[in-house]
Amino acid sequence: MSDTKTALITGANKGLGYQIAAGLGVRGYRIAVGARDEARGEAAVKTLHAAGVDAFTVPLDVTSDRSVTEAAELISHQGGRLDVLVNNAGISGPTGPGWAQDPTTLDLDVVRAVVDTNVYGVIRVTNAMLPLLRRSPAPRIVNVSSSVGSLAWQTDPTIEVGPIMAAYSPTKSYLNAVTVHYARQLAGTSILINAACPGLVATDFTGGLGRPAEEAAATPIRLATLPDDGPTGTFSNDDGTIPW
Ligand code: NAP
């Protein structure tokens with residue numbers, strides 16, 4: 001088995017996921033580019049190769065049991081173990097003016113779709129990859145969350161929390177809670193699992209509003225490369241731990 005560490009990033013064909021992939025790639029990780037559209041994944045791999053990064057495409061739709069199972073099989077054949085999993089793929093669901101999602105008029109099908117990707121997708125991928133992660137001496141799992149998932153901040157009248165996004169924001173609270181329970185279950189193993197808040201990032205997700213994705217990748221990359229005595233079950237941004 002090779003000494004090169006392998007990192008799978010879901011939704012790595014663009015946006016924040018791509019920059020996390022690129023950042024881990026320049027740190028010497030072999031990058032498994034998770035992409036639900038194989039052609040978009042191949043295009044990202046080509047760009048990573050041009051930047052000198054060792055990368056391969058992993059067709060991966062986080063909402064599909066079959067796709068996730070096949071992705072785990074592909075990574076298994078590509079080296080037999082996984083050292084880092086970054087659960088980055090996410091969707092907001094349709095928004096109204098100013099990105100608002102009004103809880104009083106929410107379409108439950110929208111809620112189901114956003115939960116399916118942002119929460120069930122993370123559980124589906126994590127559990128499929130755990131056997132491969134357990135083969136690593138120092139497995140790291142990063143769940144890309146958001147400040148909008150912080151119930152403490154959402155209920156703090158002194159903090160500007162942005163529009164009400166009643167489908168999207170609760171999925172990140174749910175994801176945070178799931179992260180805590182994985183950390184509890186995996187306590188005492190070498191697996192560290194933490195939630196990252198990247199801040200507002202200029203991607204297609206925000207219509208280009210926010211800071212560069214390259215800069216926002218710093219916290220996910222820090223959590224993906226934690227030392228063995230690093231934390232688990234935390235929620236943090238570039239400034240450190242933030243409230244749940
Ligand atoms: P983005 O540019 O829209 O990229 C989202 C990525 O997720 C794309 O690669 C997309 O693939 C992929 N994806 C969506 N559904 C998927 C599925 N079912 N299976 C596999 N991949 C799927 O958004 P982003 O800003 O980079 O967001 C990345 C993560 O950061 C998300 O979890 C988001 O909630 C979180 N976040 C973003 C911000 C922000 O300000 N941008 C702030 C806080 C947290 P396609 O290209 O095929 O659509």
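## A loop residue between α5 and α6

At 27% relative accessibility, V161 counts as partly exposed, a value that falls between the 20% under which a residue is called buried and the 50% over which a residue is called exposed. The structure described here is a predicted model, and in this model V161 is placed in the loop that runs between α5 (151–154) and α6. When residues up to four places away in sequence are left aside, V161 touches W153 and Q154. From A7, V161 is separated by 154 residues in sequence and by 32 Å in space, taken from C-alpha to C-alpha.

## Helix α6 and its surroundings

Helix α6 has 19 residues and reaches 27 Å from its first C-alpha to its last, which is close to the 27 Å expected at 1.5 Å a residue. The buried residues of α6 are Y168, S169, T171, K172, S173, L175, N176, V178, T179, Y182, A183 and L186, and the elements that cover them include α4, β5, α5, β6 (192–196) and β7 (235–237). After α6 comes G188, whose phi is positive, near 90°.

## Aromatic pairs

The structure holds three aromatic pairs. In one of them, Y120 and Y174 meet edge-to-face, with 6.4 Å from centre to centre and 85° between the planes. Because Y120 lies in helix α4 (residues 108–133) and Y174 in helix α6 (residues 168–186), this pair ties together parts that are 54 residues apart in sequence. Y120 counts as partly exposed at 39% relative accessibility, and Y174 counts as partly exposed at 38%.

Another pair is made by F235 and W244, whose ring centres are 5.5 Å apart and whose planes stand at 20°, so this pair is stacked; the angle falls under the 30 degrees that stacking requires. F235 counts as buried, with 1% relative accessibility, whereas W244 is partly exposed, with a relative accessible area of 37%.

## Helix α1 and the nonpolar cores

At 1.5 Å a residue, the twelve residues of helix α1 (residues 15–26) should span 16 Å, and the end C-alpha atoms of the helix are 17 Å apart, which agrees. Nine of the twelve residues of α1 are buried, so this helix is largely enclosed by the rest of the structure; the buried residues are L16, G17, Y18, I20, A21, A22, G23, L24 and G25. Just after α1, G28 takes a positive phi of about 100°.

The largest nonpolar core has 31 residues, and those with the most contacts inside it are I9, I20, L24, I31, V33, L48 and V86. To this core α1 gives the most, with six residues. Apart from this core lies another, of 27 residues, which has V58, I75, A89 and I141 among its members. As for I31, the residues it touches, not counting those up to four places away in sequence, are A7, I9, A21, L24, G25, L48, V53, D54, A55 and F56.

## Residues around the ligand

Of the 29 residues around the ligand, R36, N88, Y168, V201 and T203 come nearest. For Y168, an N or O atom in the side chain is 2.6 Å from an oxygen atom of the ligand. An oxygen atom of the ligand also lies 2.8 Å from an N or O atom in the side chain of N13, and a polar backbone atom of L16 is 2.9 Å from a ligand oxygen atom. Two of these residues also appear in the helices described above, since L16 is among the buried residues of α1 and Y168 is among the buried residues of α6.

## Two buried arginines

R81 is placed in the loop between α3 (65–77) and β4 (84–87), and with a relative accessible area of 11% R81 is buried. The side chain of R81 makes a polar contact with the side chain of D83, at 2.9 Å.

R140 is found in strand β5 (residues 140–144) and counts as buried at 3% relative accessibility. Not counting residues up to four places away in sequence, R140 touches D83, V84, L85, L133, S190, L192, L223, A224, L226, P227 and D228. D83 therefore appears in the surroundings of both arginines, as the polar partner of R81 and as one of the residues that R140 touches.

How values were computed
Residues are numbered from 1 along each chain as its sequence is written. This is a predicted model: local features need pLDDT of at least 70, side-chain atom pairs count only at pLDDT 80 or more; totals for chains, interfaces and linings use all residues. Side-chain values use heavy atoms; hydrogens and water are left out. Rings of Phe, Tyr and Trp (its six-membered ring) pair if their centres lie within 6.5 Å; planes under 30 degrees apart count as stacked, over 60 as edge-to-face and the rest as tilted. Helices (H or I, at least four residues) and strands (E, at least two) are DSSP runs, numbered from the N terminus. Buried means under 20% relative accessible area, exposed over 50%, partly exposed in between (1.4 Å probe, protein chains only). The expected span of a helix is 1.5 Å times one less than its number of residues. Contact means heavy atoms within 4.5 Å. A nonpolar core is a set of buried Ala, Val, Leu, Ile, Met, Phe, Trp, Tyr and Cys residues joined through side-chain atoms within 4.5 Å. A residue is near a molecule or strand if one of its heavy atoms lies within 4 Å of it. A polar contact is a pair of N or O atoms within 3.5 Å; within protein, one must be able to donate a hydrogen and the other to accept it, and residues adjacent in sequence count only if both atoms are side-chain atoms.
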